[in-house]
Amino acid sequence: MTRSSVLELLQSDKFLQEVAVKGWVRTFRSNRFIALNDGSTINNIQCVVDFENTDEALLKRIATGAAVSIKGTLVESQGKGQKVEIQVTDLEILGDSNPDEYPIQPKKHSLEFLRENAHLRIRTNTFSAVMRVRSKLSYAVHRYFQDNGFNYVNTPIITGSDAEGAGEMFGVSAFEANKAPLNEAGEVDYKQDFFGKQTNLTVSGQLEAETYAMALGKVYTFGPTFRAENSNTTRHLAEFWMIEPEVAFMDLDGNMDLSEDFIKYVLGYVLEHCKDDLAFLDNRLTQEEKSKPQAQRSEMSLLEKIKFVVENNFKRVSYTEAIDILRNSKPNKKKKFQFPINEWGADLQSEHERYLVEKHFKCPVILFDYPANIKAFYMRLNEDGKTVRAMDVLFPGIGEIVGGAQREERLDVLKEKMAALDIDEQELWWYLDTRKFGTAVHSGFGLGFERLVQFATGMGNIRDVIPFPRTPQNAEF
């Protein structure tokens, strides 16, 4: 007999058919009712056991967490909240679960406890819902770009360049600890290392993606990136995934168009294909908000936030205009901002970004033309000599979710900017070559995938939207 998924059975209306299903026991009550889940849906299917004709020893083995194989008849359910159930005719225990040791019991667990059991937390409703949404978002990312003529490029994970210029990178070396050879200056002699130079785990695939865009036209990367930032906040991971499209012959306006269209597509996709999971997560967030002080509660539910982005046009505002708005805002004048806005050139914080989105414009916002001294060297310098063709997309609840720019395609200007920041031309000779041979206007952006998953699921901590989070002092599992 062909095995069916729980999702297929819950959607079926072919009563009295014989079915087979396998999954894990969520609950077993009254020695009669098994709530079975196989990961295909957040919903369980009820399996009714004839306890009078079932071996007592077998009944004792039906415990939360146990893997079972069930055959029986699909019938219309007599209980509330479910359309169908299975009258069990054959039950086999595939894998026992000791109820005295199994940590994921049918009760509420703290998220911190579940992080300590990340290998089992996927068996809870919350994390199964989050990871199904993550999976659908990932598929939507690839589908959008593939349907729009982009080529998928796998950029290096091991790199000799620091794309962001931040310096917070994990080193990669074949040297034994404390046995690295030194040169005459007493420094580690990386010429003797595996790659013949100092190398690191990448923080971005952007620079390499640019080289491919200058031949393939439209490319995107979607892969792991790493940041050795000693931060334990709810917004940072040491290992995370980045989505980075790069497009030749596209200026900043086209970049803003692309980012808005892309975001609306992927969020619209999960709205359509993750209805049960989003309904559960929406209710979870609503209950969580009720425990907060009134002043800290969100004005929108999870589903309202997602629809707020999908259904509204993004407002495009220059950095200069945004600074004027923020400087003259009530929170700034009444000193309610943690970081007051006093002058042009300030690096905006999430509280400022959220004010623009949630209070002032009441729609997603794209800020553009930022001060050059707070943005990366590869962003195109404007004619005013003090701003660059950068853009950030701002969302409700989190602030910045996308950062991008029109790239500096002029070789002389790029060299000047690199010299000003003491960036060695020899380290990026290949990047400069793209400005020597057939240079052209091109643009792109970066979107941290976990930030997107956080927004789509309403989870407050970024560690809860990636299967196995990597953070300072934590590389378990």
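Q: How many residues of strand 16 are buried?
A: Strand 16 is mostly covered, with seven of its seven residues buried. Buried means under 20% relative accessible area; over 50% is exposed and in between is partly exposed (1.4 Å probe, protein chains only). Strands are DSSP runs of E with at least two residues, and helices are runs of H or I with at least four, both numbered from the N terminus.

Q: What kind of model is this?
A: It is a predicted model, where local features need pLDDT of at least 70 and side-chain atom pairs count only at pLDDT 80 or more, while totals for chains, interfaces and linings use all residues. Residues are numbered from 1 along each chain as its sequence is written, and side-chain values use heavy atoms, with hydrogens and water left out.

Q: OK. Which residues sit on each face of strand 16?
A: His442, Gly444, Gly446 and Gly448 are on one side, and Ser443, Phe445 and Leu447 are on the other. Both faces are covered.

Q: In which sense does strand 16 pair with strand 11 and with strand 15, parallel or antiparallel?
A: Antiparallel with strand 11, over five bridges, and antiparallel with strand 15, also over five bridges. Two strands pair if DSSP finds at least two bridges between them. Isoleucine 243 stands opposite leucine 447 of strand 16, and glycine 404 has phenylalanine 445 as its bridge partner there.

Q: What's the strand order of the sheet?
A: The order is 6-10-11-16-15-14-13-12, an open sheet of eight strands with mixed pairing. Strand 6 (151-152) and strand 12 (315-318) are the edge strands, each pairing on one side only. Strand 12 pairs with strand 13 (residues 365-371) in the parallel sense, over four bridges. In that pair, arginine 316 is opposite isoleucine 366.

Q: What does helix 6 touch?
A: Helix 6 (residues 252-273) packs on the sheet and touches strands 11, 12, 13, 14, 15 and 16, with its direction at about 15° to that of strand 14. Contact means heavy atoms within 4.5 Å. Axes are lines fitted to C-alpha atoms, for helices over the stretch in contact, and angles run from 0 to 180 degrees between N-to-C directions.

Q: And which strands does helix 14 lie across?
A: Helix 14 (residues 449-457) lies across strands 10, 11, 14, 15 and 16, at about 55° to strand 16.

Q: New topic. How many aromatic pairs are there?
A: The count is 23. Rings of Phe, Tyr and Trp (its six-membered ring) pair if their centres lie within 6.5 Å; planes under 30 degrees apart are stacked, over 60 edge-to-face and the rest tilted. In one of the pairs, phenylalanine 222 and phenylalanine 449 have ring centres 5.0 Å apart and planes at 70°, so it is edge-to-face. Phenylalanine 222 is in strand 10 and phenylalanine 449 in helix 14, so this pair ties together parts 227 residues apart in sequence.

Q: Is phenylalanine 222 buried or exposed? What about phenylalanine 449?
A: Phenylalanine 222 is buried at 6% relative accessible area, and phenylalanine 449 is buried at 2%.

Q: Which residues form the aromatic cluster?
A: Tyr139, Tyr144, Phe145, Phe150, Tyr152, Tyr220, Phe262, Tyr265, Tyr269 and Phe445.

Q: Last one: what contacts isoleucine 93, sequence neighbours aside?
A: Leaving out neighbours within four places in sequence, isoleucine 93 is in contact with Leu58, Arg61, Ile62, Ala67 and Val68. Isoleucine 93 lies in strand 5 (residues 84-95) and counts as buried at 10% relative accessibility.
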